[in-house]
Amino acid sequence: MIPSTSQTIFISIASYLDPMLFFTLNDAVAKAARPELLSLGVVNQHVEDQRAAISALPFARQVRYVHLHPQDTLGVSWARSTAFSLYDGEAFLLQVDSHTLFEPGWDEQLRSLHAKLRERSAKPIVSTYPYRFDMVDGVPQYTPSEGRTALVLRPHPETTLAPGDAVLRFMARHLFTSEPVMGCHVSAGFLFAAGSFVEEVPYDPYLYFHGEEQSLAVRAFTRGWDIFHPLTTPVYHLYKTEGTPYETHHWHGETDARRAFQSAYLTERAKQRLTRLLMGDGLSGAYGLGSARTMAQYAEMSGIDYASQTISDPFGGQLC
């Protein structure tokens, strides 16, 4: 029987020197209720081409694989844009990082949640920062959410807007609730939506690291998409220790010095590009704002007013 295309999921994964990539691929397929409905788009930025290992996977025919040497890459937004190019009309998009753990039946959970949110929005996005998992003696461990709060993504209290700089830092804050909460920001490490998101809100390859989520969130909103933060997430993230240098940071080490565009330049270019999008004369084409909603409407909904460079709390102090 040919799988119904109405239930297929395209999983977008951009990996950079990540030893957890194959763990993530295997876990996604092993834990899915309908693994035959999955397609995995992998952009593997690694010194070695791991195509042979990909070909040896039992689900290899479901993997679309691109290998790039780390010296030739231009950052996470560029890599995720490349991963989006592997999309082939699947009903749903799931974007995760290459160090992700899945709950059993994660695919049915997300399809079901999306169907419920369609009662509230024509174009819902499910996204938040996933809870963590840890590897303890080689075994993944995690604590499932109790489902009593949604993790709402809000600007960090120590971050501000300034002339010529629209880049904000965000953090997750708990809101006690009994249903998904409409929000203003997305997590690039966990985003689930209709597959048409890939074509309507394509990744801007000219961004670098900071600001990628702001660009996605605002461009999606102005194209009529609604962001929802769920009460539970069926995926978990292996977080790095803050303040610890890693060879797997794109900007780390000698590789960066050998690139045509080095990280300092890419960071500044991305800042200028994001500021132009959100606070300047805008960007034309697919990487610019949509016409379904305005930035004034985004400011009213989110409390983030890029025009006046102010941030307010639309939740009235309910977040903890």
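The crossing of helices H6 and H8 is left-handed in this predicted model. Helix H6 spans residues 212–221 and helix H8 spans residues 263–279, and the two pack at an angle of about 25° with their axes 11 Å apart. Because of that angle, H6 is roughly parallel to H8. On the side of H6 the contact is made by Gln214, Ser215, Val218 and Arg219, and on the side of H8 by Leu274, Leu277 and Leu278. Sorted by class, the residues in this contact of H6 with H8 are four nonpolar, two polar and one charged. An α-helix has 3.6 residues a turn, so residues three or four places apart point the same way.

From this pair of helices we can turn to the sheets. An open sheet of eight strands, with mixed pairing, follows the order E3-E2-E1-E4-E12-E6-E13-E11. Its edge strands are E3, covering 63–68, and E11, covering 181–183, each of which pairs on one side only. From one strand to the next the twist averages 20°. Within this order, strand E4 (residues 92–96) and strand E12 (residues 190–194) run antiparallel and are joined by five bridges; one position can be followed across the pair, since the bridge partner of Gln95 in E12 is Leu191.

Two helices may be placed against this sheet. Helix H1 packs on the sheet by touching E1 and E2, and its direction makes about 175° with that of E2. Helix H4, in turn, lies across E1, E2, E4, strand E6 (124–127), E12 and strand E13 (226–229), and it runs at about 60° to E12.

A second open sheet has four strands in the order E5-E14-E7-E8, again described by mixed pairing. Here the edge strands are E5 (100–102) and E8 (139–142), each pairing on one side only, and neighbouring strands are turned by 40° against each other on average, direction ignored. Strand E5 and strand E14 (residues 235–237) pair in the antiparallel sense over three bridges, and within that pairing Thr100 stands opposite His237 in E14. Helix H1 (residues 21–31) packs on this sheet as well, touching E5, strand E7 (131–136) and E8, with a direction that makes about 15° with that of E5.

Helix H1 therefore deserves a closer look, residue by residue. Its buried residues are Leu21, Phe22, Thr24, Leu25, Asp27, Ala28 and Val29. What do the buried residues of H1 pack against? Their partners are strand E1 (9–16), strand E2 (38–45), helix H2 (51–55), E5 and helix H4 (106–117).

The surroundings of E1 and E2 can also be approached from helix H3 (residues 76–84), in which Ala83 is found. Is Ala83 buried or exposed? With a relative accessible area of 0%, which is under the 20% cut-off, Ala83 is buried. Leaving aside residues up to four places away in sequence, Ala83 touches Phe10, Ser12, Ile13, Gly41 and Val43. The relation to Ser12 links distant parts of the chain, for Ala83 and Ser12 are 71 residues apart in sequence and 5.8 Å apart in space, C-alpha to C-alpha.

The remaining features concern loops and the segment beyond strand E16. Most residues other than glycine have a negative phi. Asp137, although it is not a glycine, has a positive phi of about 55°, and this residue lies in the loop between E7 and E8. Its relative accessible area of 78% makes Asp137 exposed, because exposed residues are those over 50%. Gln309 is another residue other than glycine with a positive phi, near 60°, and its place is the loop between strand E15 (304–305) and E16. In contrast to the exposed Asp137, Gln309 is partly exposed, with a relative accessible area of 29%.

After strand E16 (310–311) comes the segment in which Asp313 lies. Asp313 has a relative accessibility of 39% and counts as partly exposed. Along the chain Asp313 and Ser302 are eleven residues apart, and their C-alpha atoms are separated by 7.8 Å.

Note on methods
Residues numbered from 1 in each chain as written. Predicted model: local features only at pLDDT ≥ 70, side-chain atom pairs only at ≥ 80, totals over all residues. Heavy atoms only, no water. Axes fitted to C-alpha atoms, helices over the stretch in contact; angles between N-to-C directions. Parallel < 35°, antiparallel > 145°, perpendicular 65-115°, else oblique. Left-handed = near helix turned anticlockwise from the far one by under 90°. Contact = heavy atoms within 4.5 Å. Nonpolar A, V, L, I, M, F, W, Y, C, P; charged D, E, K, R; others polar. Buried < 20%, exposed > 50% of the residue type's maximum accessible area, 1.4 Å probe, protein only. Pairing = 2+ DSSP bridges.
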